[in-house]
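Here is a short note to help you find your way around this structure. Please keep the 3D view open as you read.

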Amino acid sequence: MKCAVELRIPDIIHSQGGRPVTLALTASRIPSPSPETAYLARIMGLLARKTVFSAHQEGGETLYSLTPSSRWLLQGAGHLSLAPLVLLADHQTTVSPWHNLRDCIKDGGSIAFQIAHGCGYWDMESKNPEFNRTFRDAMACTDKFVMKAVVDAYKDGFERVGSLADVRGGTGSIVAEIVRLYPHIKGINFDRPHVVAAAPSHGGVSCRGDMFEAIPSADAVFMKVREPSTYEGINHPALGLLSKDGDGRSPERR
Ligand SMILES: C[S@@+](CC[C@H](N)C(=O)[O-])C[C@H]1O[C@@H](n2cnc3c(N)ncnc32)[C@H](O)[C@@H]1O
């Protein structure tokens, strides 16, 4: 997947106006003086078996088309794209901790990322600007989907909010979008100091700090979360809604 996204194979196929394309044509659009077609064929065959692309035979040749999966990997202007998320998930920095899972189990209490990189996930951002860019691009691409769903579903809730703090707000694009749609809201973007320092102001309020110490006071707190158990250990009343039982922890972690 990473290879296909980096070589922009979905965009190459898409550029043919929806017609299935040959391997030779795909290879000819890769920016390289002599792309290795046999290697590309193996990658395309694997991705076709996984239904990332579709493949069919015609005139003794294999022709490739996009599927619903690979349409999400288009990177051209105007496409809602998940390509940046693939690049984050398959980034060397993300993948290498998987090799340390044995140690986590044997030694208990270890964190695979820490073993692999000698620092925590959030410290890697300041250590590795290239990884930081990959991470921020991935967040930005998911923000577009998430915010559409949140704003569609939560319209009336936002009407009643006077001030809102996006805790772990990153570059502040989420709170900026909420304030754009609900200009009466005073939006606060809260994140770690180096993240806020590098974030655009979006014309709103930025606030730096560590959420484990304190979070800004506001009528409502916004958090984009994957699952509540990520936040085990945060003991703040404003975060109580994260779990059904109101203590911010998922049931299996209690
Ligand atoms: C998964 S990102 C989400 C960013 C943003 N909400 C978005 O969806 O684009 C998590 C964010 O949490 C921030 N973060 C991590 N630990 C933090 C802490 N202790 N206090 C405040 N922010 C923290 C990171 O800097 C990062 O920007």
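The points below go through a sheet, a ligand shell and a helix with its neighbours.

1. Please bear in mind that this is a predicted model. Residue numbers start from 1 along each chain.

2. A good place to begin is the open sheet, where three strands follow the order β1-β3-β2 with antiparallel pairing. Its edge strands are β1 (21-22) and β2 (53-58), each pairing on one side only. In general, strands of a sheet pair through backbone hydrogen bonds.

3. Look next at how β1 meets β3 (residues 61-66): two bridges join these antiparallel strands. Here Val21 stands opposite Tyr64 in β3.

4. Which helix lies across β2 and β3? That is α4 (residues 37-49), which runs at about 110 degrees to β2.

5. Now turn to the ligand. There are 14 residues around the ligand, and Met139, Arg168, Gly170, Met211 and Lys224 come nearest. By class, the shell holds six nonpolar, two polar and six charged residues.

6. Helix α13 (residues 173-181) deserves a careful look. Its buried residues include Ile174, Val175 and Ile178. The buried residues of α13 pack against two helices, α11 (129-153) and α12 (155-159), and against the strands β4 (163-167), β5 (186-191) and β7 (220-222).

7. Finally, consider α11 with α13. Their axes are 10 Å apart at an angle of about 35 degrees, and the crossing is right-handed. Ala140, Asp143, Met147 and Val151 of α11 meet Ser173, Ile174, Glu177 and Leu181 of α13. This contact has five nonpolar, one polar and two charged residues.

How values were computed:
Predicted model: local features only at pLDDT ≥ 70, side-chain atom pairs only at ≥ 80, totals over all residues. Pairing = 2+ DSSP bridges. Helix = DSSP H or I, 4+ residues; strand = E, 2+ residues; numbered from the N terminus. Contact = placed C-beta atoms within 7 Å. Axes fitted to C-alpha atoms, helices over the stretch in contact; angles between N-to-C directions. Near = placed C-beta within 6 Å. Nonpolar A, V, L, I, M, F, W, Y, C, P; charged D, E, K, R; others polar. Buried ≥ 20, exposed ≤ 12 C-beta atoms within 10 Å, placed from the backbone. Left-handed = near helix turned anticlockwise from the far one by under 90°.
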